[in-house]
Amino acid sequence: VAKKQVEDGAHVIDINVDDGLLDGLAAMQKFVKIAVTDPEVCKVPFMLDASKFEIVLAGLKWCQGKCIVNSISLKVGEELFMEHATLLRKHGAAVVVMAFDEDGQAATEEEKVRICKRSYDILVNKVRFPPEDIIFDPNVLTIGTGLEEHNDYAIDFISATKRIKEECPFVKISGGISNLSFGFRGVVKIRESIHSVFLQHAILDSGMDVGIVNSKEMIAYDKVEPDLRELCLNLVFNKRAEATDEMLERCTYERAYLDAKKKGLALPKKPRGPMPKLPRKTFAYDNVTPVPATEPPLPFSDVAKNHVPNSYVNSALTHETIQAIRAKSSLTAEKRANIDYSQPTDTYPSAFPHFVRGRDSLREYITEMFTTKIAIYDGAMGTMIQNYAKRNKLDEEEYRGERFKDWNCHVKGNNDMLSISQPQIISGIYRQYLEEGGSNMIGTNTFSSTTIAMGDYEMEDYAYELNYEGARLAREVCDEITAKDPTNPRFVVGALGPTNRTGSISPSVEDPSARNVTFDELVDTYMEQIVGLIDGGADILMVE
């Protein structure tokens, strides 16, 4: 079904597994895992669509690239709405925000604008959700029902769309277009003609961006029969009191035509042809003069945005997860207490190019360094250890060292454990990077120091210590070299490498939905690695 939708011209695939007979949580995860491995399906973005947020979140964890989540709204209350939005922002997903609040669904133009503006202000100002990743759905409601109060629903949507885009810069507008014509079910030609007229004006006059449609059945505006187009215009814009009755009369005719046509041969499929290039509705913010960036994109926290220096007092980081990681580590109590790296403010002069931990903003320093000189980073530990082994004995015995001499499995090749068993080798390589290579930043010997990767050597319990020692050795050497020339401070880059598990593809040719690691397991293993690197004195984290 998904392949056929892409072939028929869909730009986004909407995945919804809501059904009373399905386990939605399991079905969403399995389908996404299969879909991301099919090149004909995954070449378009996915819209993960579910009535329960946990189902959406489960699918999001298995989806590569940028997804759209459908949907969240204020009907759950402002606190839960912000919680949902924060989780989606952390996953980098765009989000459809329905025009619902605690009092229900927005029906009129004013209600649509009010709820969307309130949602926008919360998302942008409180959650710091990127406005370009917000897609409002102001509710396409059914017209032609015979109830007078429903006759202006299409006009309200089109008018509200323009106002929302004016009052909420950079957002997109979406709508479920089939809702508009529910009153004429069973006659595709009539329904698609109504949709075509509605979309023509909603897009070109008001700036609508996204419509949930059946791409195969869509009719181009200029292909709608002139007399039918006039009926659609009367219905969509409520121009005549008789508009609904006239359209019902036309429906009766079209049904009779279809019944007669069934007795003939099937017609060949008409080629879609090139899509017309129509001008997009523009707004004032589209004409903003670009401002050159003076620094890399900032994270969302106030600390980052205000360039507050890192205190380097890691003992003050007392979140329960961090404390639990430290408590179960294999590190000695003495070393567990040695996790603070702040320096006296008068250690070095205050002006660039000097740097003092706890006094200066590393973000500001790195930005100035990158924009005023060629900075050098080095951290190819694998090749450096191989080169060392060519000149020196580095076999199973050396890998084990004194501490692991009785280890119960082979460990040769576990380069990361050398930070514990042969620290002088790793320190020597770090020193080569700095003294011979002239590096400004050096990567730690922690490329595989995760509980998952260490499972190959039955050393999962040593993950925190491996990261701590890998960073601590680099910290000591960087401080030693910096002291010789304070105008050229050196920085420790904590290296986070991939695990030996595949979260995005199946290890089984029989089951494309199978995975040998979960998203949450990856979160846990990288959390432990990061705590170890920071506690060991890393200045920067690099995801390799």
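**Strand 12 and a pocket in a predicted model**

Helix 13 contributes 4 residues to the lining of the second largest pocket, the most of any element. The model is predicted.

Student: What makes up the rest of the picture of the second largest pocket, and which elements give two or more residues to its lining?

Tutor: Those elements are helix 4 (78-90), helix 10 (302-305) and helix 13 (362-372). The lining has 19 residues, and P299, S301, V303, A304 and R363 lie nearest the centre of the pocket. The volume of the second largest pocket is about 740 Å³.

Student: How do the residues of that lining divide into nonpolar, polar and charged?

Tutor: The lining holds 10 nonpolar, 5 polar and 4 charged residues.

Student: Now to the strand. Why is G494 called buried?

Tutor: Buried means under 20% relative accessible area. G494 has a relative accessible area of 0%, so G494 is buried.

Student: What makes strand 12 largely enclosed by the rest of the structure?

Tutor: Strand 12 covers residues 491-496, and 6 of its 6 residues are buried, so the strand is largely enclosed.

Student: Which residues point one way from strand 12, and which the other way?

Tutor: F491, V493 and A495 point one way, while V492, G494 and L496 point the other way. Residues of both groups are buried.

Student: How do you know that strand 12 pairs with strand 11?

Tutor: Two strands pair if there are at least two bridges between them. Strand 11 (residues 441-443) and strand 12 have 3 bridges, so by that cut-off they pair, and the sense is parallel. One of the bridge partners is M441 of strand 11 with F491 of strand 12.

Student: How many bridges join strand 12 to strand 13?

Tutor: There are 4 bridges, and strand 13 (residues 540-543) runs parallel to strand 12. In strand 13, L541 is the bridge partner of G494. Between these two strands the chain passes through helix 20 (residues 519-535), and the β-α-β crossover is right-handed.

Student: What makes L533 a contact of G494?

Tutor: Contact means heavy atoms within 4.5 Å. Leaving aside neighbours within four places in sequence, the contacts of G494 are T444, L533, A538, I540, L541 and M542. L533 is in that list, so L533 and G494 have heavy atoms within 4.5 Å.

Student: Where does F283 lie relative to G494?

Tutor: The two residues are 211 residues apart along the chain, and 44 Å separates their C-alpha atoms.

Notes: Residues are numbered from 1 along each chain as its sequence is written. This is a predicted model: local features need pLDDT of at least 70, side-chain atom pairs count only at pLDDT 80 or more; totals for chains, interfaces and linings use all residues. Side-chain values use heavy atoms; hydrogens and water are left out. Buried means under 20% relative accessible area, exposed over 50%, partly exposed in between (1.4 Å probe, protein chains only). A crossover is right-handed if, with the strands pointing away from the viewer, the path from the first strand over the helix to the second runs clockwise. On a 1 Å grid over the protein atoms alone, a cavity is a set of points where a 1.4 Å probe fits but cannot get out, and a pocket is an open set with protein on both sides within 12 Å along at least five of seven lines; lining residues have an atom within 4 Å of a point. Grid points are joined across faces, edges and corners, and a volume is the space filled by probe spheres set on the points. Ala, Val, Leu, Ile, Met, Phe, Trp, Tyr, Cys and Pro count as nonpolar, Asp, Glu, Lys and Arg as charged, and the others, Gly among them, as polar.
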